[in-house]
Amino acid sequence: MITQTLIYYLSQHPSIVTFRWSHIQSWGSTWSFLLTSIAFYLTFCALVHLFLQIFIKRGRTVPLGPIPAAYSLFMALISAVIFSGILLSTAAEIQETRWFWRRSKTPFQWLLCFPLGTRPSGRVFFWSYMYYLSRYLHMFRTFFTILRLRKLVSFQLVNNSILTFMSFLWLEFSQSFQVLAILIATLVYSIIYGYRFWTAVGLPCACFPFVLNCQIVLLGCNVACHVGVLSLHFLKGGCNGIGAWWFNSVLNGAILFLFLNFYVKMYLGKRKEVICDAMEEAEMMKVKD
């Protein structure tokens, strides 16, 4: 009974089945809203950081109490709901529309490559819309970083802006590959935010960079799926929204470059510091001997 109720509200509800991406009916669906929101996000983050630099002494942080833990729990639940919703909706969509494309594609190929002429309507695009809206919620974590660490991390700003822009393109151009991308992303986000909540309430953390490894898995899966889309586009007669996909690939490449640059600076830099400290201690020991 509970299972059937969940299936109904996550994939069979009339508002999900009859959803249609529209600039008139869908909130936040216009280009002006997207660009204005991203510009406001970047500007407001810079202003908050500047305010802290001017009015609060260096080294002092703003206490946030249980807010980051509550936020992490909320985002973990939101990501889990979107993951469950698009998983169930994808299964229902494949079952109902397979007659149309089954001669040319397998279900997995459909996940990577929508047939030409696909419109942004129905179950799958409802959850794609929910994912797009959730990208604005992800932006709030930037303010926690600014308030707690007194840092304006350029990678975080650019990454959130690009991912919000990409999720808008998925809907605007009915882009192929978005179903798998959302499934992978929401699964990884639910794990990451669940882990952040776990550590925020004082429970033991992993003995390795857990969040970093999850982000590497996410980027690796995205690269593999992009290769799959490109292959199917040339072998199966074309994928819907391929123009937006090319632009999306450039943005993904930018994220990959920024991530690798951030990783080198943050982790390899720390490793070099540890090695230098160890060498200095060894030299001191030699001098004492």
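One disulfide is present in this structure, which is a predicted model. The bond joins cysteine 113 to cysteine 239, two residues that sit 126 residues apart in the chain. The chain around this bond has eleven helices and zero strands.

**Disulfide and cysteines**

- The sulfur atoms of cysteine 113 and cysteine 239 are 1.9 Å apart.
- The pair links distant parts of the chain: cysteine 113 lies in the loop between α5 (107-112) and α6, while cysteine 239 lies in the loop between α10 (210-235) and α11 (242-288).
- The disulfide between cysteine 113 and cysteine 239 is left-handed, because the torsion about its S-S bond is about -110°.
- Cysteine 113 has a relative accessibility of 0%, so this residue counts as buried against the cut-off of under 20%.
- Cysteine 239 is also buried, its relative accessible area being 2%.
- Two further cysteines are buried: cysteine 45 has a relative accessible area of 0%, and cysteine 214 has a relative accessible area of 13%.
- The value of 13% for cysteine 214 still falls under 20%, which is why cysteine 214 counts as buried.

**Overall fold**

- From the N terminus on, the elements run α-α-α-α-α-α-α-α-α-α-α.
- The chain has 289 residues, and 44% of them count as buried.
- Of the contacts between residues at least 6 apart in sequence, 80% join residues at least 24 apart.
- The chain exposes about 16500 Å², and carbon and sulfur atoms supply 69% of that area.

**Helix α3**

- Helix α3 covers residues 31-55, a run of 25 residues.
- At 1.5 Å a residue, α3 should span 36 Å; the C-alpha atoms at its ends are 36 Å apart, so the expected and modelled spans agree.
- The buried residues of α3 are Leu34, Ser37, Ile38, Tyr41, Cys45, Val48, His49 and Leu52.
- Cover for these buried residues includes α6 (123-138), α7 (140-149) and α8.

**Serine 167 in helix α8**

- Serine 167 belongs to helix α8, which runs over residues 154-172.
- With a relative accessible area of 1%, serine 167 is under the 20% limit and therefore buried.
- The side chain of serine 167 reaches the backbone oxygen of threonine 164 at 2.8 Å.
- Leaving aside residues up to four places away in sequence, serine 167 touches Tyr131, Tyr132 and Arg135.

**Helix α9 and what follows**

- Helix α9 takes in residues 178-200, and its 23 residues should span 33 Å at 1.5 Å a residue.
- The end C-alpha atoms of α9 are 32 Å apart, which agrees with that expectation.
- Glycine 202, just after α9, takes a positive phi of about 95°.

**Annotated transmembrane regions**

- An unreviewed UniProt entry carries the annotation "transmembrane region" for residues 31-56, 68-88, 152-171, 177-198, 210-232 and 244-264.
- In the model, residues 68-88 are 100% helix and 0% strand, and the end C-alpha atoms of this stretch are 30 Å apart.
- Residues 244-264 are likewise 100% helix and 0% strand, with end C-alpha atoms 30 Å apart.

How values were computed: Residues are numbered from 1 along each chain as its sequence is written. This is a predicted model: local features need pLDDT of at least 70, side-chain atom pairs count only at pLDDT 80 or more; totals for chains, interfaces and linings use all residues. Side-chain values use heavy atoms; hydrogens and water are left out. Helices (H or I, at least four residues) and strands (E, at least two) are DSSP runs, numbered from the N terminus. Buried means under 20% relative accessible area, exposed over 50%, partly exposed in between (1.4 Å probe, protein chains only). A polar contact is a pair of N or O atoms within 3.5 Å; within protein, one must be able to donate a hydrogen and the other to accept it, and residues adjacent in sequence count only if both atoms are side-chain atoms. Contact means heavy atoms within 4.5 Å. The expected span of a helix is 1.5 Å times one less than its number of residues. A disulfide is a pair of cysteine sulfur atoms within 2.5 Å. Accessible areas come from the Shrake-Rupley method with a 1.4 Å probe; for residues, only the protein chains shown count as cover. UniProt positions are given in the numbering used here, feature names are shortened, and annotations may be inferred rather than shown by experiment.
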